[in-house]
Each structure stands twice: as structure tokens, then as C-alpha cells.
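I opened this model to look up one helix and whatever empty space is enclosed inside. Here are my notes, in the order I took them.

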Amino acid sequence: MPETLFTKPPSRIWPLRQAAQIAAVMLLLTVFAALNPARAQEAMLKSAVENVVVLRSAGNDDRFMGSGVIWAGGKLVVTNAHVVGNAESARVIDDTGQAFDGEIIARDTVRDVAVLVVKGLERPGLSLGSAPELGAKVWAIGAPLGLELTVTRGIVSASARQIDAAVPIRFLQHDAAVNPGSSGGPLLDADGHLVGLNSRIADGSRYYIGMSYAIAAADLARIVDGLVAETLPPVPKLGLQLRPVSRMIAAALGLEATGLLIDRVEPGLAASHSSLLAGDIILTAGGQPMTAPGDLAFAMDAEPDADSLSL
């Protein structure tokens, strides 16, 4: 009779061990994947903190003023004009606690930006980033309520929010917590690039309520360069009180619901020297249609060297 060969049934132990080993490796990979971004983020924030400063008054009162950011190149510190007020100098304190003498060389109280030259402060400064997308993660660094070098995280809530109709600046709105003392500190993207200068909390609120505003990096760079070069034109005080022509107003006047209605022309300011009167409706300025009160400021800002603007 032919010999019958019996084969040993496959062991179930080895596949189980192999599956356990694979699962363990996958778990380790998952842990490392989770740890590496965290470490990279920590490294990014630590590097950014090294380029953030706290500003205190130069006098004996040693008064806390706010925050500042070391500008690209490391020779300048940029902050808000409302942080330094009318001061001509300030003490600049870095992340190690070392103090330096800073001289305020330029300020724009309307755009709310001030520039300091700081002797002996040797840091590379933060590089500028591109405009973040809606919903992008951002980090705010500053000294809220005097708590030095605090980091908070949020997202971009709106990318172009005009706060004051007379000022041609569109802010980044975000929900990273900022409080009094945070002003002048940087808003960073996920790569540690400067995308804004934290400047305001939601109107009517002294403390954080989920809405914070930062001057976008592109506007900030233009303002700083203009201040340093002394080429930045001032924002004119027009003296116009405007409101959109609503459907109700349009129906009452028998007009289309378009343009800006002049409610008031303040005497002594620029608009009072023109032929504009209360009750007039501005349809276009510089060829651009006017739909919101702040549009006029942007139309004028687009032609900084013009002596007049066609309405």
C-alpha cells in the first residue's frame, strides 16, 4: 500500500504572535507620529518666544506697557502705538529677563503701529508669513494681564475685517485668547511665521470674549517700512458720517439701494472744504463702487499721492 503522508496542521500560535507584533509596531509608529508634531510645534513656539519682548516704561515707575515683536533682521521692535502712548523710550525685556534700552523712532496712532530701535538686542526676528486661510490654526504670544510670554491657540475666524470705517486696514479676526497686555505681540501660523500683530479685542469688551483682531502681516510690513522710511502718508480726517443706502432709505427717497448716504459733514475737516453736503449720496470713489462706509477710506488709500479723489 502506498505510504500515507501526514502533515502537521498549521500552528495558530505564530499568526497570533505575528499579529501582536505588528499591532505593537503600529502602536509605536502612531505614538511617534503623535509625538514628533508635538515636539516640532514646541520647538517652533520656543523659537518664536525668543523673538517676543515685554515693554515697560523707561522711568523709575517701571510701568508695564505691553508686548512687542522683534522685526525681521533683529534691529527693530514693532508694537502698537497705544502700547507706548506718548513715550519716547521704553525698557525692552527679552525672554531671558535681560533688559535693553529702546527708542521709539516712529509711530502712527491711527493705524496703531509703533517702531523702536533697541541697542544690543541680537535676535533674528520673526519672518513674515502669507495670509492664512479661514479656519487655519494660529498662535498668539504676548504678556496678557502682565503674565509674560504666554502662548494661546485659536483659528482664523475672518480674514478681512475692517474695524474702523475711517482706517483702511483689514484685520485678521481670530479666537486665540488675548487680553490687555497682549497688544503688540505676534500672531503666528503653524510654521512659526508672523501673520499678524495682535492689536484689539472685540469692540466694547475689555477682556477676551472669543474675538480678537490682528493687523495682517502684509499691511504691517507696508506700515513699518513706510514709518521707517518716513514715506507713509497719514490717514486723512475726512469728517464724514456715512451709512449705506438701505432698502428703507431708498424707498423713502425713490432711489436705488446703492451708495453711501452722507449724514453729516463735520466743519473744519477735509470734507467741509469740498462741495459735499449732508443728504448727498456717494455712488463711486476713484471709480470704485461704494457699498460700505469703510470703502471710501480704501479708495483714498489706493491713491496716496493724489491731491483729490473723483466722486
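I began with the buried residues of α3, and they pack against β3 (76-79), β5 (99-108), β6 (113-118), β9 (170-174), β11 (194-201) and β12 (212-216). Contact here is heavy atoms within 4.5 Å. Helices (H or I, at least four residues) and strands (E, at least two) are DSSP runs, numbered from the N terminus.

A note on the source: this is a predicted model, where local features need pLDDT of at least 70, side-chain atom pairs count only at pLDDT 80 or more, and totals for chains, interfaces and linings use all residues. Residues are numbered from 1 along each chain as its sequence is written, and side-chain values use heavy atoms, with hydrogens and water left out.

Next I listed the buried residues of α3 (under 20% relative accessible area, 1.4 Å probe, protein chains only): A217, D219, L220, A221, I223, V224, G226 and L227. Just after α3 I found E230, with a positive phi near 60°.

Then I turned to cavities, sets of points on a 1 Å grid over the protein atoms alone where a 1.4 Å probe fits but cannot get out. I counted 1 cavity of 30 Å³ or more. The largest has a volume of about 40 Å³, a volume being the space filled by probe spheres set on the points.

Its lining (residues with an atom within 4 Å of a point) includes A140, P144, T150 and N198. β7 (137-142) and β8 (150-162) each give two or more residues to that lining, and β7 gives the most, with 3.

Key. Buried means under 20% relative accessible area, exposed over 50%, partly exposed in between (1.4 Å probe, protein chains only). On a 1 Å grid over the protein atoms alone, a cavity is a set of points where a 1.4 Å probe fits but cannot get out, and a pocket is an open set with protein on both sides within 12 Å along at least five of seven lines; lining residues have an atom within 4 Å of a point.
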